[in-house]
Amino acid sequence: MRSEELTSVLMHELQRYERKIELVDVGYVIEVGDGIARAYGLEGAMAGELLLFPEATKKLGREFFGLAFSLEVDSVGIVLLGPDRLVSEGDEVRCTGRILEVPVGMELLGRVVNALGQPIDDLGPIPYKQTRRVELKAPGVVKRKPVCEPLMTGIKAIDSMIPIGRGQRELIIGDRQTGKTAIAIDTIINQKNAEPPVYCIYVAIGQKQSTVKQVVETLKKYGAMEYTIVVSAPASEPAPMQYIAAYSGCAMGEYFRDNGMHALIVYDDLTKHAHAYRQVSLLLRRPAGREAYPGDIFNLHSRLLERAAKLNDELGGGSLTALPIVETQLGDYSAYIPTNVISITDGQIYLEPDLFYAGIRPAINVGLSVSRVGGAARTSAMNKVAKQLKLDMARYFELQAFAQFATELDEATRRELIRGERLVELLKQEQYNPMSLSHQVLAIFIGINGYLDDLPVEAVREFERGFLEFVNHRYPEIVHEIEKTKDFSEATEKKMHKAAQEFKAAFVARLEGRAEGEMSVAA
Ligand SMILES: Nc1ncnc2c1ncn2[C@@H]1O[C@H](COP(=O)(O)OP(=O)(O)OP(=O)(O)O)[C@@H](O)[C@H]1O
Ligand SMILES: [Mg+2]
């Protein structure tokens with residue numbers, strides 16, 4: 001071999017030579033229990049980093065991870081993403097440099113998954129193509145655009161008085177058993193006909209398994225599961241899973257938002273989410289603050305809710321709308337978690353037990369409910385009939401309280417009370433009965449134009465039902481126009497009056513006939 005050859009071979013070998021040293025930060029478990037562990041070492045660990053447990057991985061048969069939760073001077077508090085019995089003291093822990101990711105995409109629609117995005121619905125593995133970090137920074141102001149399209153809930157009282165826009169965050173707040181979940185589920189069911197489509201994510205946090213199962217059954221029954229993902233972290237799951245579920249669901253929603261599509265996410269509920277976080281924090285001996293919650297509880301929820309957004313047109317114009325739910329105790333909405341979430345969201349729908357038990361369902365307290373941005377997204381058709389509705393209703397409830405003590409009322413007040421009573425009746429709505437825009441507009445139209453004022457209150461809902469059917473048959477063009485243009489012309493408005501008068505004449509005649517019939521039976 002000549003010397004030149006030798007050098008070239010050596011050069012070649014040197015070029016290919018790569019030092020194969022893996023630098024991993026390794027630590028050891030010093031304490032484990034209650035779904036958390038503490039490890040010594042791991043100096044380079046980052047907050048929120050995935051940490052691998054090699055021993056537990058062997059026992060489990062697939063990778064066993066934990067999340068670096070609190071970084072302290074000589075140890076790291078770790079939240080375990082699996083059964084803690086597989087981890088024991090002295091086990092090795094390794095940094096991975098990765099952040100927790102969950103599967104995202106269309107393939108998840110129709111599925112029920114756990115907080116890590118793994119299927120729990122017996123429908124086999126999910127053929128997902130993409131994953132996404134559960135914790136991502138929310139889009140900044142330049143990437144956003146004010147809400148401009150309505151997100152119809154199909155619930156008259158909400159779409160008319162507390163309108164929600166795509167990309168908005170609207171809190172549903174109230175005591176237990178006041179119909180909070182019902183509003184969220186009805187909204188999901190109503191997205192069946194949404195154009196462009198709205199994909200839904202229902203995150204169940206800290207609920208009973210049976211309750212979640214019922215929700216899934218309901219969604220299936222109304223054909224809503226096809227476009228919905230259910231993320232379930234029931235009360236039986238360890239607290240860390242309940243805490244992570246909200247972020248996992250959010251990541252799944254962001255996939256739609258960032259790909260120019262629209263999505264709706266329901267967090268049911270954030271009170272239990274805060275409880276789970278408090279539990280984890282206390283176990284890790286973080287200093288406790290107000291109501292024993294750790295100091296960053298506000299950050300916890302704003303980090304989550306800020307990710308709901310309407311993106312600008314350059315970014316595809318997608319949106320993620322959030323409906324967080326918060327449970328109050330005895331109507332105390334000035335408690336810690338409720339006030340926090342109220343201040344992070346763009347408005348709230350406040351539900352009240354008194355109204356609920358009085359049969360006013362949905363039990364919305366009009367005075368305390370507000371939507372701060374959704375008005376801009378309300379359709380013109382709805383604007384025309386519902387502009388005054390919220391004020392009128394709030395005034396009615398005030399007058400009503402006052403009128404209980406008054407002996408004599410002037411004519412104007414009396415008339416307002418009569419109108420209000422009928423509007424309250426008109427805004428009642430059964431569960432699982434979302435209404436189309438045109439039907440909502442027509443219903444409110446007869447209310448605000450006084451067509452119900454001289455009818456008995458008990459007849460209001462029958463009148464509404466009958467009238468909508470009547471218009472469907474006799475004046476289908478009204479329905480078509482409102483559905484197509486989201487507006488109605490003056491000519492159509494005249495026609496709406498004509499229809500109302502025609503139907504009312506027939507309805508009153510029928511009522512009178514019925515009353516006479518009853519009298520003759522009595523005689
Ligand atoms: N609009 C409605 N009309 C009739 N019944 C309703 C209506 N909304 C809710 N309900 C009924 O009220 C009950 C409570 O509703 P829901 O479970 O939605 O309340 P919640 O506030 O979510 O309760 P929880 O605090 O237990 O989560 C249910 O039985 C539900 O069927
Ligand atoms: Mg509920």
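**Exercise 1. Find the residues with the most contacts inside the largest nonpolar core, and say which helix gives the largest share of that core.**

Start with the core itself: in this predicted model, the largest nonpolar core has 138 residues. Next, look at who has the most contacts inside it: Ile78, Val203 and Ile265. Then sort the core by element, and helix 6 (residues 239-258) comes out with the largest share, twelve residues.

Now zoom in on Ile265. Leave out anything up to four places away in sequence, and Ile265 touches Ile201, Val203, Gly249, Cys250, Gly253, Leu320 and Ala322. So much for the core; on to the whole chain.

**Exercise 2. Describe the protein chain as a whole: its secondary structure, its box, its burial and its contacts.**

Count the elements to begin with: there are 17 helices and 16 strands. For the overall dimensions, put the C-alpha atoms on their principal axes, and they fill a box of roughly 120 × 55 × 40 Å. For burial, 44% of the 523 residues count as buried. Finally, take contacts between residues at least 6 apart in sequence: 73% of them join residues at least 24 apart.

**Exercise 3. Split the chain into domains and work out how domain 2 meets domain 3.**

The domain assignment gives domain 1 (26-99), domain 2 (105-378) and domain 3 (384-522). Between domain 2 and domain 3, the C-alpha centres lie 33 Å apart. At the contact, 18 residues of domain 2 meet 18 residues of domain 3.

Take the domain 2 side of that contact. Helix 3 and helix 4 each supply at least two residues there, and the largest share, five residues, belongs to helix 3. Broken down by class, this side has ten nonpolar, four polar and four charged residues.

**Exercise 4. Locate ligand 1 relative to the domains and describe its shell.**

First the shell: 14 residues surround ligand 1, and the closest are Arg176, Gly179, Lys180, Thr181 and Ala182. Sorted by class, the shell has two nonpolar, seven polar and five charged residues. By element, helix 4 (residues 180-190) gives the largest share, three residues.

Why does ligand 1 lie between two domains? Both domain 2 (105-378) and domain 3 (384-522) give residues to its shell, so ligand 1 lies between them.

**Exercise 5. Check the span of helix 13 and find what its buried residues pack against.**

Helix 13 (residues 411-427) has 17 residues. From first C-alpha to last, helix 13 reaches 24 Å, close to the 24 Å expected at 1.5 Å a residue. The buried residues in helix 13 are Arg422, Val424, Glu425, Leu426 and Leu427. Their packing partners are helix 3 (156-161), helix 14 (437-448) and helix 15 (460-474).

**Exercise 6. Classify Glu502 and Lys504 by exposure, then check one C-alpha distance for each.**

Glu502 sits in helix 17 (residues 490-522). Glu502 has 15 C-beta neighbours inside 10 Å, so it counts as partly exposed. Phe488 is 14 residues from Glu502 along the chain, and their C-alpha atoms are separated by 20 Å.

Lys504 is also placed in helix 17. Here the count is 19 C-beta neighbours inside 10 Å, and a residue needs 20 or more to be buried, so Lys504 counts as partly exposed. For the distance, pair Lys504 with Gly466: they are 38 residues apart in sequence and 9.7 Å apart in space, C-alpha to C-alpha.

Technical notes
Residues are numbered from 1 along each chain as its sequence is written. Chains are lettered from A and ligands numbered from 1 in the order in which they are written. This is a predicted model: local features need pLDDT of at least 70, side-chain atom pairs count only at pLDDT 80 or more; totals for chains, interfaces and linings use all residues. A residue is near a molecule or strand if its C-beta atom, placed from the backbone, lies within 6 Å of it. Helices (H or I, at least four residues) and strands (E, at least two) are DSSP runs, numbered from the N terminus. Ala, Val, Leu, Ile, Met, Phe, Trp, Tyr, Cys and Pro count as nonpolar, Asp, Glu, Lys and Arg as charged, and the others, Gly among them, as polar. Domain bounds come from an automatic or database domain assignment. The expected span of a helix is 1.5 Å times one less than its number of residues. A residue is buried if 20 or more other C-beta atoms lie within 10 Å of its own, exposed if 12 or fewer, and partly exposed in between; C-beta atoms are placed from the backbone. Two residues are in contact if their C-beta atoms, placed from the backbone, lie within 7 Å. A nonpolar core is a set of buried Ala, Val, Leu, Ile, Met, Phe, Trp, Tyr and Cys residues joined through C-beta atoms within 7 Å.
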